[in-house]
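Me: I'd like a close look at one single part of this chain, please. Start with that part, then show me what lies around it.

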Amino acid sequence: MKDRFFKKDPFQKQAKKDGLVARSYYKLEQIDVKFDLVPKEGVVLDLGSAPGSWLQYHLKKMNAKGRVVAIDLNPLKIPADNRVTFLQKDLFQTLAQEFTQFYGKFGCVCSDIAPQTSGDRDRDHIKSYELCMKALDIACLTLEEQGSFVCKMYQGSESQNFSQLLKKHFSFCKIQRPEATRRQSKEIFFVGKGFRS
Ligand SMILES: C[S@@+](CC[C@H](N)C(=O)[O-])C[C@H]1O[C@@H](n2cnc3c(N)ncnc32)[C@H](O)[C@@H]1O
């Protein structure tokens, strides 16, 4: 059943053709085309990076001056690139300074970080919400003034709270569900622009 579904998925097919490690690439691409979050030069922090399709997007958009600092519990499955600094560790065990020590503050913080799903939607939502709160906390400590933020969450009871919180820190906030999101998925993406500390 699962195989049949994946065979029909056009983004899965396209990702294979385009040499991407995951179809999630297109979600970031679709959000970025709309909101222009990822800077061509400048520094991006990528939270929850493995296997590396969002990094593939950053590297494609960025010029030689662009840099990415990335973190995940798991290793990347893309070739090493001198524009990427990767930390393989737990976000909850990482301090903001560990990210800013390389190039200073970021023009954009992107989070695709997500818990292992259990099938229990409320439980998965709460775990996802906790990861989003940590991502926002890190973003507030590491973003440049006017910087941008994008963050995935499995939707649920706390989504509205998160949206309200975002409005305190960003002059522009939107919730997005890009076309590449699977129909049955509960995920949504929060977008913030114009960070104010
Ligand atoms: C949907 S995947 C990310 C996909 C990636 N953005 C891409 O485009 O290839 C979510 C990732 O979050 C990572 N993750 C979950 N909890 C984490 C934590 N506490 N610290 C670091 N990474 C975590 C997982 O290991 C997983 O690789």
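What follows is a walk through strand E2 and then the rest of the chain.

Reply: Sure, but a word of caution: this is a predicted model, where local features need pLDDT of at least 70 and side-chain atom pairs count only at pLDDT 80 or more, while totals for chains, interfaces and linings use all residues. Residue numbers start from 1 along each chain, as its sequence is written.

Strand E2 covers residues 67–72. Helices and strands here are DSSP runs (H or I with at least four residues for a helix, E with at least two for a strand), numbered from the N terminus. Six of the six residues of E2 are buried, so the strand is largely enclosed by the rest of the structure. "Buried" means that 20 or more other C-beta atoms lie within 10 Å of the residue's own, with 12 or fewer making it exposed, anything in between partly exposed, and C-beta atoms placed from the backbone.

Now for the two sides. In a regular strand the side chains alternate between the two faces of the sheet. In E2, Arg67, Val69 and Ile71 point one way, and Val68, Ala70 and Asp72 point the other. E2 also has a partner: strand E1 (residues 43–47) runs parallel to it over five bridges. Two strands pair when DSSP finds at least two bridges between them. Within this pair, Val44 sits opposite Val68 of E2.

E2 has a link to the ligand too. There are 22 residues around the ligand, and Gly48, Ser53, Trp54, Leu91 and Asp112 come nearest. E2 and helix H4 (53–61) are the elements that give two or more residues to this shell. To count as near, a residue needs its C-beta atom, placed from the backbone, within 6 Å of the molecule. The shell splits into 13 nonpolar, six polar and three charged residues.

Let's zoom out. The chain has seven helices and seven strands. Its radius of gyration is 16 Å, close to the 16 Å that the globule rule gives for 197 residues, so the chain is as compact as a globular protein of that length. That radius is taken over C-alpha atoms, and the rule is 2.2 Å times the number of residues to the power 0.38. Along its principal axes, the C-alpha trace spans about 45 × 40 × 30 Å. Of the 197 residues, 38% are buried.

What about the middle? In soluble globular proteins, nonpolar side chains tend to be buried together. The largest nonpolar core here has 49 residues, and Val109, Ala135 and Cys151 have the most contacts inside it. Helix H6 (residues 121–142) gives the largest share of this core, with seven residues. Such a core is a set of buried Ala, Val, Leu, Ile, Met, Phe, Trp, Tyr and Cys residues joined through C-beta atoms within 7 Å. Leaving out residues up to four places away in sequence, Ala135 touches Leu47, Ser111, Ile113 and Cys151.

Finally, look at strand E7, which holds Gly192. With 26 C-beta neighbours inside 10 Å, Gly192 counts as buried. Gly192 and Cys173 are 19 residues apart in sequence, yet their C-alpha atoms are 4.6 Å apart in space.

Definitions and conventions: Nonpolar A, V, L, I, M, F, W, Y, C, P; charged D, E, K, R; others polar. Contact = placed C-beta atoms within 7 Å.
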